[in-house]
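Subject: A structure for you to explore

Hi there,

Here is the structure I promised to pass on to you. Have a look at it first, and then read on for what I found in it.

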Amino acid sequence: MTEFDVEVVFEVALKAVKDAGEIIKEAFYKKKSVLTKSCDVDLVTETDQAVEKMLIGRIKENFPSHMFIGEESVAVGEKCDLTNDPTWIVDPVDGTMNFVHSFPHSCIALAVLYHKDVHIGIIYNPILEQMYTAKCNQGAFLNDKPIRVSEETDLSKSLVIAEFGTNRDTQKMESVLKNVSALMNKVHGLRAMGSAALNMASVAAGGADSYFEFGIHVWDIAAGALIIKEAGGVCLDTEGGPLDLMSRRMICASSEKLALQIIPLLDQLKLERD
Ligand code: IPD
């Protein structure tokens with residue numbers, strides 16, 4: 001059986017994420033070389049690739065038997081298979097569009113799973129120096145200080161995050177607009193920060209009350225799922241069942257009571273799984 005010592009893995013992961021942050025900081029205000037992936041607004045930069053390469057190297061060096069799922073590796077044809085083995089799931093730059101525009105809401109999102117459960121979640125915005133961390137059953141932290149979700153349970157008083165995503169397919173755009181229209185006059189405010197992981201971190205820290213998205217991938221949400229749970233919140237499937245990390249849809253909230261007020265209002269866009 002593979003040995004999995006969460007404290008040892010966390011130390012290596014944290015150091016790797018801090019070093020990745022230096023790569024992002026160094027490139028942040030410079031001109032970027034940008035390529036497109038699935039469509040004109042699905043972007044990748046040299047920094048996304050450099051961070052992912054560095055993280056893969058760290059894993060190989062320290063835990064050669066661990067598995068890896070990374071956004072940019074999957075983009076060039078690697079498999080996205082989640083097994084029971086210890087698996088690092090990485091979005092090297094979440095909020096790539098923000099990064100390209102030097103809009104300071106981009107982060108590294110890293111989760112480590114064992115037997116398909118998230119044991120470690122780290123989300124780091126190096127520009128604003130925000131380091132969110134969680135280990136299973138040990139609480140959630142922002143820059144080493146404990147964080148909690150908000151106490152809001154009333155939809156009409158809630159700040160809800162609804163992203164536009166990185167796909168301009170007609171059906172997807174219509175679905176996004178339906179959800180925005182359905183919620184707009186029922187909430188205190190709607191927001192879109194441009195980074196799924198930072199949206200989830202904001203819910204965990206109590207700054208926003210809920211966030212949902214159709215079209216996200218496992219690397220966008222795995223780290224945030226643990227951080228939210230450890231901060232006292234919930235992450236669910238958009239139809240209300242348990243969250244399936246590979247299903248490409250998710251709603252998180254400060255409480256199940258709040259999530260259940262949003263779920264009936266959502267257009268349930270059907271998507272292919274990761
Ligand atoms: C994207 C961002 C965006 C979300 C998309 C993600 P990327 O990730 O998190 O906010 O709406 O669904 O794909 O491409 O910047 O890593």
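How many helices and strands does the chain have? There are eight helices and 14 strands. Please keep in mind while you look around that this is a predicted model.

**The chain as a whole**

The radius of gyration is 17 Å, close to the 19 Å that the globule rule gives for 274 residues, so the chain is as compact as a globular protein of that length. If you draw a box around the C-alpha atoms along the principal axes, it comes out at roughly 50 × 40 × 35 Å. Of the 274 residues, 54% are buried.

Contacts tell us about the fold too. Taking the contacts with a separation of 6 or more, 66% are between residues 24 or more positions apart. On the outside, the chain exposes about 12400 Å², and carbon and sulfur atoms supply 52% of that area. As for charge, the chain has 27 positive and 40 negative charges, and the mean positions of the two sets are 3 Å apart.

**The cores**

Here is a general idea to carry with you: in soluble globular proteins, nonpolar side chains tend to be buried together. In this chain, the largest nonpolar core has 41 residues. Which of its residues touch the most other members? They are Ile 123, Tyr 211 and Val 218. The elements that each give two or more residues to this core are β5 (107-114), β6 (117-125), β7 (130-135), α6 (196-204), α7 (218-230) and β14 (249-253). Helix α7 provides the largest share, with nine residues.

Try clicking on Tyr 211. Leaving out residues up to four places away in sequence, Tyr 211 touches Ile 161, Glu 163, Ala 196, Asn 199, Met 200, Val 203, Ile 216, Met 250, Ile 251 and Cys 252. Another core, of 31 residues, lies apart from the largest one, and its members include Val 6, Phe 10, Val 112 and Ile 120.

**Two residues in helices**

Phe 28 is part of helix α1, which covers residues 6-28. Is Phe 28 buried or exposed? Its relative accessibility is 0%, so Phe 28 counts as buried. Not counting residues up to four places away in sequence, Phe 28 touches Phe 99, Ser 102, Phe 103, Pro 104, Ser 106 and Ile 127. For a sense of distance, the C-alpha atoms of Phe 28 and Glu 256 are separated by 37 Å, with their positions 228 residues apart along the chain.

Leu 260 sits in helix α8 (residues 256-262). With 43% relative accessibility, Leu 260 counts as partly exposed. Leu 260 and Thr 153 are 107 residues apart along the chain, and their C-alpha atoms are separated by 10.0 Å.

**Some loops to visit**

Where is His 115 found? Look in the loop between β5 and β6. Phi of His 115 is near 50 degrees, a positive value in a residue other than glycine. His 115 has a relative accessible area of 41%, so it is partly exposed.

Asp 144 also has a positive phi without being a glycine, at about 75 degrees. You will find Asp 144 in the loop between β8 (140-142) and β9 (145-146). Since its relative accessibility is 69% and the cut-off for exposed is over 50%, Asp 144 counts as exposed.

Gly 206 is in the loop between α6 and β12 (210-214), and at 26% relative accessibility it counts as partly exposed. Leaving aside neighbours within four places in sequence, Gly 206 is in contact with Arg 148, Val 149 and Ser 150. Gly 206 and Ile 147 are 59 residues apart in sequence, with 7.7 Å from C-alpha to C-alpha.

Finally, Glu 239 belongs to the loop between β13 (234-236) and β14. Glu 239 is partly exposed, with a relative accessible area of 48%. What does Glu 239 touch, not counting residues up to four places away in sequence? Its partners are Arg 249, Ile 263, Gln 268 and Lys 270. Glu 239 and Ser 65 are 36 Å apart in space, C-alpha to C-alpha, and 174 residues apart in sequence.

Enjoy exploring!

Best wishes

How values were computed: Residues numbered from 1 in each chain as written. Predicted model: local features only at pLDDT ≥ 70, side-chain atom pairs only at ≥ 80, totals over all residues. Heavy atoms only, no water. Core = buried A, V, L, I, M, F, W, Y, C linked by side-chain atoms within 4.5 Å. Buried < 20%, exposed > 50% of the residue type's maximum accessible area, 1.4 Å probe, protein only. Helix = DSSP H or I, 4+ residues; strand = E, 2+ residues; numbered from the N terminus. Contact = heavy atoms within 4.5 Å. Rg over C-alpha atoms; globule rule 2.2 N^0.38 Å. Areas by Shrake-Rupley, 256 points an atom, 1.4 Å probe, with all protein chains shown as cover. Lys, Arg positive; Asp, Glu negative; His and termini not counted. Charge placed at Lys NZ, Arg CZ, Asp CG, Glu CD.
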